[in-house]
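I opened the model today to look up its strands, its cysteines and one patch on the surface. My entries follow in the order in which I made them.

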Amino acid sequence: MKTAVNVIIGIITAAAAILTLLATVSAYAPTSAFFSALSVFVVFFPILIAMDVLLFLHWLFNGKFLMSLAIAAVLILSLPQLLHIVSLSPELESRENDGGIKILSCNVKFFGFSEEECDTTLAYLNASGADILCLQEFGYYTGKQPSLGRIKSKLKQYPYMHISKGSGTPKGIQKHIVTFSKFRMAGKKEIDLMSPYHRAIVSDIIVNEDTLHVFNCYLESNKLTQDEKQFYDDASLQNIFKKLSDASVKRNAQAEIISRTIGQSPEHTIICGDFNDVPNSKTYNLLRGNTNDAFLSLRRGLGITFHEGIYNFRIDYIFASQDVELLNFSLDKQDISDHYPIMATVKPY
């Protein structure tokens with residue numbers, strides 16, 4: 001009986017180790033449909049790590065040192081990716097008084113397509129003290145409220161705006177991403193991500209005598225239905241896996257496009273937005289490059305930004321190039337969307 005149990009646990013150990021390694025490797029592998037499809041396992045990475053730790057302890061306490069050593073090797077190999085998820089950095093005091101500017105990023109979920117929710121969100125944004133607003137899933141109506149004109153009038157302390165081309169619907173709903181700024185914009189560029197809804201824009205913003213290149217990004221979503229998110233009986237696991245895989249392939253391609261654009265002028269650069277991917281993903285690694293993740297640099301813990309029922313992930317980010325000093329980072333658990341607003345205070349060198 002004991003032998004049979006050990007065989008079963010051995011099979012579970014091998015499966016957990018292989019899946020953990022696949023999740024780890026997919027974050028660094030060349031961008032391809034095959035490796036991007038494998039990257040769906042990154043979503044389950046924390047669960048796999050927890051299983052690996054328990055299995056390591058099981059084999060260690062049962063005197064199976066080779067098995068425990070093998071699991072330990074997997075854990076060591078996956079450690080860099082784990083440290084993208086969990087920040088162990090000491091909490092640093094805010095240095096907002098050192099002359100920095102505040103950049104807020106938030107997916108506002110089209111203001112719930114509600115005038116009341118729109119007003120609540122705009123009031124929050126106005127009170128945030130941010131100098132630059134990078135908003136994803138920015139929506140308004142043509143012919144009724146909330147309209148773009150009304151939104152702009154309520155955000156009049158941000159006189160400069162860069163809005164994507166966006167796309168409309170038969171009901172007159174306009175869907176965009178947008179960057180508002182208190183500072184003048186010297187240049188505006190839109191990056192084609194080969195998607196009608198998911199886009200990236202680059203705003204060249206004049207801050208004192210420096211030009212800050214602000215990338216506002218909204219990458220491919222998984223498009224899971226509410227039934228699929230709840231794993232109802234009528235939801236096909238195969239269909240869910242396919243959706244996650246297809247979205248991952250698209251996000252990796254989109255991240256490569258944005259990364260190439262960043263490489264054309266990497267100085268004084270801020271990259272932020274809703275990446276729709278977790279910190280141990282290929283998407284994250286491509287977009288972060290050699291920049292600093294504001295959350296990992298200044299805060300401790302998981303930094304969850306997306307919250308919907310049992311689904312809690314960090315998928316919203318603010319990165320700063322090496323010549324931009326990070327003075328503060330905050331995550332505000334305001335219930336204005338299914339994403340929490342994040343804000344970084346930065347100062348170009």
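**Strand β2 and its partners**

I began with strand β2, residues 132–141, and found it mostly covered, with 10 of its 10 residues buried. I keep in mind throughout that this is a predicted model.

Next I looked up the pairing of β2. Strand β1, residues 101–107, pairs with β2 in the parallel sense, over five bridges. Within that pairing I noted Leu104, which stands opposite Leu133 in β2. I then followed the chain between the two strands: β1, helix α5 (residues 115–127) and β2 make a β-α-β unit, and the unit is right-handed.

β2 also pairs with strand β5, residues 173–181, this time in the antiparallel sense and over eight bridges. Leu133 turned up again here, since its bridge partner in β5 is Phe180. I therefore have Leu133 down twice, opposite Leu104 and as bridge partner of Phe180.

**Strand β8 and its sheet**

I moved on to strand β8, residues 210–218. Seven of its nine residues are buried, so the rest of the structure largely encloses this strand.

Which strand runs antiparallel to β8, and over how many bridges? Strand β7, residues 200–207, does, and eight bridges join the two. Ile205 is the residue I marked in this pairing, standing opposite Leu212 in β8. β7 and β8 form a hairpin with two residues between them. I checked the turn and found Asn208 there with a positive phi of about 55 degrees.

β8 also pairs with strand β9, residues 269–274, in the parallel sense over six bridges. I logged two positions along this pairing. Phe215 has Ile271 in β9 as its bridge partner, and Asn216 stands opposite Cys272 in β9.

I then wrote down the whole sheet. It is open and has six strands, in the order β6-β7-β8-β9-β13-β10, with mixed pairing. The edges are β6 (185–191) and β10 (292–293); each has a single partner strand, so one side of each is left without a neighbour in the sheet.

**Cysteines**

Cys272 had come up opposite Asn216, so I looked for disulfides next. How many does the whole structure hold? The search finds zero.

I wanted the reason for particular cysteines. For Cys272 the closest cysteine sulfur is in Cys134, at 3.5 Å from its own sulfur, which is too far for a bond because a disulfide needs the two sulfur atoms within 2.5 Å. For Cys106 the closest cysteine sulfur is again in Cys134, here at 11 Å, and this too is too far for a bond.

Are these two cysteines buried or exposed? Cys106 is buried, at a relative accessible area of 2%. Cys272 is buried as well, at 0%.

**Surface patch**

Last, I looked at the surface. A nonpolar patch is formed there by Ile8, Ile12, Val43, Phe44, Ile47 and Met51, and together they have about 490 Å² of accessible area. Helices α1 (2–26) and α3 (45–61) each supply at least two of the patch residues.

I took Met51 as the example to check. Met51 lies in helix α3. Its relative accessibility is 31%, so Met51 counts as partly exposed, because that class lies between the limits of 20% and 50%.

Technical notes
Residues numbered from 1 in each chain as written. Predicted model: local features only at pLDDT ≥ 70, side-chain atom pairs only at ≥ 80, totals over all residues. Heavy atoms only, no water. Patch = residues over 30% accessible without salt bridge, like charges linked within 9 Å, V, L, I, M, F, W, Y side chains within 5 Å. Areas by Shrake-Rupley, 256 points an atom, 1.4 Å probe, with all protein chains shown as cover. Salt bridge = Lys/Arg side-chain N within 4 Å of Asp/Glu carboxyl O. Helix = DSSP H or I, 4+ residues; strand = E, 2+ residues; numbered from the N terminus. Buried < 20%, exposed > 50% of the residue type's maximum accessible area, 1.4 Å probe, protein only. Pairing = 2+ DSSP bridges. Right-handed = clockwise from strand over helix to strand, strands pointing away.
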